[in-house]
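This walk-through covers a pair of helices, then aromatic rings, then charged side chains. Keep the sequence at hand while reading.

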Amino acid sequence: MKRTTVPLATAALLLPLAACGTSAQAGTGSTITVTVGYQSKTINTVTAGTLLRSLGYFEQQLGALHDGHTYKVVWQDYATGAPITAQMTAGKIDIGSMGDFPLLINAARGRQLGRPTHLVSVTGYNLRGGLNTIVTAPDSKLSSLQDLKGRKVSTSVGSAADGTLVRALQRAGIDPDKGVEKLNQQPAVGASALAAGSADALSQFVAWPGLLAYQGKAKALYDGAQLNLPTFHGVTAREDFAKQRPAVLEAFLKAQAQATDYLNAHPVAAAENVAKATGLPAEVVYLYNGAHGISTFDPAVKPQLVSALKQDVSILESEKLTGDIDVDSFVDDQYAKKALGSAYTKDLAATPPPAASEVWSKGADTTRTFKTPDELLKYVAQHRSDIRAAYVPDTTTGTLWFADRAVWVVDGSRLLPFVAPSTAQTYVAAHPGTRTISYADALGRAS
């Protein structure tokens with residue numbers, strides 16, 4: 001596996017084309033090399049990257065083509081989507097996966113450099129935007145977006161997390177350019193800045209917010225689902241590659257669908273698989289990719305996702321990262337439709353599973369689901385030493401979060417969880433007689 005570190009700056013995307021070559025045509029004799037770019041730690045892309053690679057489904061699908069060629073798959077792992085786009089526009093990556101904002105930059109750079117790309121499928125998505133979260137240090141006194149005015153906020157410019165930050169600040173009446181000091185940093189650098197106190201908040205994409213919260217290194221300030229605007233990750237392919245090797249692209253999409261089915265049928269095993277490959281805690285992977293996780297997985301390019309993508313263009317334009325982008329010409333799901341047939345139509349109509357509370361007990365290969373957070377708390381209180389992780393959905397947004405990291409509100413006999421303090425306070429303000437309590441108090445009340 002080749003690991004390459006490339007700066008996030010958009011200038012890195014404008015690589016010269018003099019040395020370009022089509023990787024799908026590389027090799028000698030009848031051997032064809034297919035190069036796939038993915039982001040192992042961006043676990044919303046696992047069905048087109050980490051999980052897919054570990055299961056070997058793509059290689060199996062290529063072996064089943066029986067077209068007289070021998071195929072070699074090269075998997076290249078990156079930290080963000082920007083270097084994948086750079087390599088695609090240089091003709092060195094055939095298929096890549098990345099978030100919605102990087103996908104738009106991918107579309108713009110591909111057109112600009114004469115090597116157009118297309119969105120061919122979706123990996124994971126959240127229809128409300130819950131995949132992105134703004135977090136602060138555990139001991140921070142900041143409790144709302146308004147508190148960020150004049151503060152330093154780390155994010156990755158051009159990412160979906162940056163889009164969430166921009167939109168959230170705008171809704172809070174804060175100028176995203178002048179109201180905060182934005183630090184353009186890769187996720188790991190931003191996490192270090194938050195820990196060191198050189199950043200007051202961090203806006204990032206899956207799995208960083210959940211990871212830092214799980215580690216006790218951050219707490220949620222803003223749940224991206226409050227925007228109620230879809231966010232997703234998807235698969236992009238070079239147009240020339242797709243036209244030259246349509247059967248290969250269809251084989252990839254069939255393999256992605258297989259990986260999606262595996263994840264949905266075996267969410268705990270899939271989480272353990274991805275954790276082993278990435279070094280991320282399985283409990284964090286499950287927060288996003290679990291049966292009721294923040295992310296929903298199916299490969300269909302849903303109309304609401306395309307609509308959200310069109311709304312994202314203005315954010316990138318305001319950041320001067322792209323000009324106008326023809327989203328309709330970028331989206332091309334013909335290969336997925338052919339590869340998956342009637343299953344694709346079914347996926348188009350599919351909706352995310354309803355939010356639910358879950359407990360993952362130590363040594364268990366399945367989770368236990370509860371109808372209400374109260375029931376989960378009662379179970380946890382009775383089995384404290386046996387709990388590996390407990391998850392609860394935000395009362396207003398449905399975003400799953402760790403029960404011991406949630407903000408709890410007592411409303412009569414009910415115990416209600418929230419991801420961020422501001423949403424909890426909004427609920428309290430609208431429901432006289434309610435108040436926030438600690439997780440320990442919530443457990444005590446439940447028992």
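The axes of helix α4 (residues 100-112) and helix α5 (residues 160-171) come within 6 Å and cross at roughly 110°. Angles from 65 to 115 degrees count as roughly perpendicular, and α4 and α5 are therefore roughly perpendicular to each other. On the α4 side the contact is made by D100, F101 and P102, and on the α5 side by A160, G163 and R167. This is a predicted model, and what follows should be read in that light.

Next come the aromatic rings. A pair of aromatic rings is described by the distance of the centres and the angle of the planes. The structure holds eleven aromatic pairs. One of them joins W401 and F402: the ring centres are 6.5 Å apart and the planes are at 55°, so the pair is tilted. The reasoning rests on the cut-offs, since planes under 30 degrees apart count as stacked and those over 60 as edge-to-face, with the rest tilted. W401 has 2% relative accessibility and therefore counts as buried. F402, also at 2% relative accessibility, counts as buried too.

Another tilted pair is formed by W408 and Y439, whose ring centres are 6.4 Å apart with planes at 35°. W408 lies in strand β17 (residues 407-411), while Y439 lies in helix α18 (residues 439-446), so this pair ties together parts that are 31 residues apart in sequence. W408 is buried, because its relative accessibility is 0%.

W401 and F402 also belong to an aromatic cluster, together with Y214, Y286, W360 and Y391. One ring of that cluster, W360, leads on to the charged residues. The charged end of R388 sits over the ring of W360, 4.1 Å from its centre.

What else does R388 meet through its side chain? Side chains of opposite charge can pair when their charged atoms come close. The side chains of R388 and E272 do so in a salt bridge, at 2.9 Å from N to O. R388 is in strand β15 (residues 387-393) and E272 is in helix α10 (residues 267-278), so the salt bridge ties together parts that are 116 residues apart in sequence. R388 counts as partly exposed because its relative accessibility is 27%, and E272, at 32%, is also partly exposed.

R388 forms a salt bridge with E283 as well, with the closest N and O atoms 2.9 Å apart. E283 lies in helix α11 (residues 282-289) and R388 in strand β15, so this pair ties together parts that are 105 residues apart in sequence. E283 is buried, with a relative accessible area of 10%. R388 thus has the ring of W360 under its charged end, E272 as one salt-bridge partner and E283 as another.

Across the whole structure, a search finds 16 salt bridges. Among them is the one between D411 and R414, where the closest N and O atoms are 3.2 Å apart. Is D411 buried or exposed? Buried means under 20% relative accessible area, so D411, at 19% relative accessibility, counts as buried. R414 is partly exposed, with a relative accessible area of 42%. Elsewhere, D94, R115, R238 and D240 are joined into one network by salt bridges that share partners.

Definitions and conventions. Residues numbered from 1 in each chain as written. Predicted model: local features only at pLDDT ≥ 70, side-chain atom pairs only at ≥ 80, totals over all residues. Heavy atoms only, no water. Phe/Tyr/Trp six-rings, centres within 6.5 Å; stacked < 30°, edge-to-face > 60°. Buried < 20%, exposed > 50% of the residue type's maximum accessible area, 1.4 Å probe, protein only. Helix = DSSP H or I, 4+ residues; strand = E, 2+ residues; numbered from the N terminus. Lys NZ or Arg CZ within 6 Å of the ring centre and 35° of its normal. Salt bridge = Lys/Arg side-chain N within 4 Å of Asp/Glu carboxyl O. Axes fitted to C-alpha atoms, helices over the stretch in contact; angles between N-to-C directions. Parallel < 35°, antiparallel > 145°, perpendicular 65-115°, else oblique. Contact = heavy atoms within 4.5 Å.
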